[in-house]
Amino acid sequence: QVQLVESGGGLVQAGGSLRLSCAASGRTFSRSAMGWFRQTPGKEREFVATISWSGSTTYYADSVKGRFTISRDNARNTVYLQMNSLKPEDTAVYYCAADSLVGGSNYYTRDRYDYDYWGQGTQVTVSS
């Protein structure tokens, strides 16, 4: 059974930092793109960041560019999201996702419908 388990969410003041982790089990994603998305009540799940399996290529939503960094450790089957300079508008449930496609070393996708596996989400709350 494939599982993605996020951790690291919590409550932080504006300007602070958090590091989210997503550990995968049940299969390896070392040759697949992975990503982070977020969702607030009543809104669509939105793209945050994605990374190719090699780690050589990343892509970010404009709203987080320069503040968030996605990375991965294929030996640990884990993807991370370092979030700095957090703003109240970053408050959301954050989800990690994995693509089952074995793609090229630079392949990534920001389309949520390309991802086949999802974690249960972790709450991030940024107070002003």
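Biologist: In this predicted model, which residue in β5 does Arg38 stand opposite?

Modeller: The two strands concerned are β4, residues 34–39, and β5, residues 46–51, which pair in the antiparallel sense. Across this pairing, the residue in β5 that stands opposite Arg38 is Glu46.

Biologist: Which residue in the turn of the hairpin formed by β4 and β5 has a positive phi?

Modeller: Strands β4 and β5 are joined as a hairpin, with six residues between them. In that turn, a positive phi of about 80° belongs to Gly42.

Biologist: Which residue in β9 is the bridge partner of Gln39?

Modeller: Strand β4 also pairs with β9, residues 92–98. These two strands run antiparallel and are joined by six bridges. Within β9, the bridge partner of Gln39 is Val93.

Biologist: How many of the six residues of β4 are buried?

Modeller: A residue counts as buried when its relative accessible area is under 20%. Strand β4 is mostly covered, and the number of its six residues that are buried is five.

Biologist: Is Arg67 buried or exposed?

Modeller: Arg67 is placed in the loop between β6 and β7. Its relative accessible area is 11%, and the cut-off for a buried residue is under 20%. Therefore Arg67 is classed as buried.

Biologist: The side chain of Arg67 has a polar atom 3.0 Å from which backbone oxygen?

Modeller: Not counting residues up to four places away in sequence, Arg67 touches several residues, including Gln82, Met83, Asn84 and Asp90. Ser85 is also among the residues touched. The backbone oxygen that lies 3.0 Å from a polar atom of the Arg67 side chain is that of Ser85.

Key:
Residues numbered from 1 in each chain as written. Predicted model: local features only at pLDDT ≥ 70, side-chain atom pairs only at ≥ 80, totals over all residues. Heavy atoms only, no water. Helix = DSSP H or I, 4+ residues; strand = E, 2+ residues; numbered from the N terminus. Buried < 20%, exposed > 50% of the residue type's maximum accessible area, 1.4 Å probe, protein only. Polar contact = N/O pair within 3.5 Å; in protein donor to acceptor, adjacent residues only side chain to side chain. Contact = heavy atoms within 4.5 Å. Pairing = 2+ DSSP bridges.
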